[in-house]
Amino acid sequence: MSVQFVAVSSAPLDQVFRWVRDNLLVAAKPEGGADVIATRDGVAFETRSKELLSEGKYEALIDEFLSLGDLFFHEPRYTTNLLQVVGYLILNVRDAAARSNALERVTKFVTGLGADQLNAKLRLLATLYNTLAAEPKLQQQTLRVLVDVAAAGDKVHLLVPYARGLKMTAFRWGLGKKETLDLYSLFLRTLRPQETKHAEELFVLEREFLALFEGETEEALKTYEADIRGAILRVYREEILRYDVDDLLALNASRHLFAREPALARLFELTLTGDLPEFEKLFQSSGAAFQQHQLSKDSIIENIRIFSVLRLAERSKTLGYADVANALSVPKEQVEEWIFKCIKYDLLVASLDELEETVYVGEIKRFSYAAKDWEALEGRVENVRGFFQKSLDALRSGNLKPSF
């Protein structure tokens with residue numbers, strides 16, 4: 001029998017106790033066997049469970065279910081229902097700390113299944129997560145376990161539905177800024193090792209994550225610096241050709257990272273301004289760092305050449321093949337290939353006259369920073385650094401006065 005339980009009350013739970021008695025504790029048979037095996041006193045379980053329920057001892061009742069051990073999973077068709085019951089029992093524990101402790105015991109019970117039961121673990125943890133919807137803190141606790149189990153078992157793809165709704169989840173849970181940042185950090189670190197499979201989810205999560213730092217303190221930025229670096233580096237590797245670079249570079253998180261890693265800031269600048277000769281000089285001094293960040297020289301040069309085309313297109317609506325080839329440092333025969341790349345990436349609308357060796361620019365579909373914009377950005381970074389340094393000096397001297 002399968003019963004859906006939506007609350008803790010004596011009538012439906014009485015049915016559960018009887019079902020456990022008759023199907024798990026008395027009716028378990030060996031493979032091919034004919035005799036009923038009384039593996040445990042089913043009547044005693046039922047009596048004890050009813051007593052605990054009548055006394056409102058939900059924690060002890062949860063432990064009574066967990067004491068079934070492997071028998072809890074003897075009937076896989078109904079294990080999910082049993083876990084729902086346990087989840088509702090957790091919700092009825094009065095003390096918040098006790099609820100959290102009870103949930104920890106249950107998740108350990110589920111994750112203690114054998115390594116060959118990975119799918120069952122994930123299914124049961126998802127059931128528990130959904131059952132605890134009325135208690136955000138318990139859902140958070142369950143989700144962390146679910147993420148860890150999925151990551152350890154190479155089942156990260158099962159987390160995608162949770163990742164897609166992360167912003168709404170944080171809002172529904174009423175999370176503060178730090179809790180929200182922690183949640184995003186957890187998912188980013190879990191999904192990023194498989195970034196080629198989950199590029200779309202990462203694209204959205206990273207944009208939302210970086211935007212969360214607007215108005216945040218320097219201390220908060222330092223705390224999540226590794227996550228910020230990972231997000232901005234992945235943007236460069238995978239997304240720079242479709243990212244709103246103007247918005248990206250103006251973010252507080254970007255300014256923080258660039259102030260600490262000038263070579264990375266210089267790389268973005270040279271890429272967006274299409275300055276290939278200057279990049280060659282930069283790579284001589286910082287190439288090892290770029291490679292450590294999984295930024296290959298070939299991919300960087302490709303980005304620089306694409307933005308070089310866009311930069312030329314900003315200056316003139318008619319481009320000769322020779323001028324494009326010279327700017328990109330490529331043979332004239334390769335010019336069409338680079339124009340087609342810009343069109344393919346939806347960065348440029350243009351037509352080509354092969355006989356006249358001319359590119360006619362229709363529309364540039366991306367705004368990118370000019371040199372003057374970088375100067376303004378660097379000035380803002382210096383202003384921020386100067387402000388924090390003055391504040392730190394004032395704190396040390398005891399001269400900082402409150403503003404209220």
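Two residues are taken to be in contact when heavy atoms of theirs lie within 4.5 Å. In this predicted model, Leu82 meets that criterion with Val16, Trp19, Val20, Leu24, Phe65 and Phe72, once its neighbours within four places in sequence are left aside. Leu82 belongs to helix 4, which spans residues 76-91, and its relative accessible area is 5%, so that the residue is classed as buried, the limit for this class being under 20%.

One of the contacts of Leu82 is Val20, a residue that stands 62 positions away in sequence, although the two C-alpha atoms are 9.2 Å apart in space. Val20, with its neighbours within four places in sequence again left aside, is in contact with Leu25, Phe45, Phe65, Leu68 and Leu82; Phe65 is thus listed among the contacts of Val20 and also among those of Leu82. Both Val20 and Phe65 are members of the largest nonpolar core, which holds 123 residues, and together with Phe187 and Phe279 they touch the most other members. The element that gives the most to this core is helix 18 (residues 297-315), with nine residues.

The second largest pocket was examined as well, and about 240 Å³ of space lies in it. Its lining is made up of Arg192, Pro193, Glu195, Ala226, Arg229, Gly230, Leu233, Arg234, Arg237, Gln292, His293 and Gln294, and helix 13 (residues 225-239) gives the most to this lining, with six residues. By class, the lining of the second largest pocket comprises five charged, four polar and three nonpolar residues.

Notes:
Residues numbered from 1 in each chain as written. Predicted model: local features only at pLDDT ≥ 70, side-chain atom pairs only at ≥ 80, totals over all residues. Heavy atoms only, no water. 1 Å grid on protein atoms, 1.4 Å probe; cavity = no way out; pocket = protein on both sides within 12 Å on 5 of 7 lines; lining within 4 Å. Points joined across faces, edges and corners; volume = space filled by probe spheres on them. Helix = DSSP H or I, 4+ residues; strand = E, 2+ residues; numbered from the N terminus. Nonpolar A, V, L, I, M, F, W, Y, C, P; charged D, E, K, R; others polar. Core = buried A, V, L, I, M, F, W, Y, C linked by side-chain atoms within 4.5 Å. Buried < 20%, exposed > 50% of the residue type's maximum accessible area, 1.4 Å probe, protein only.
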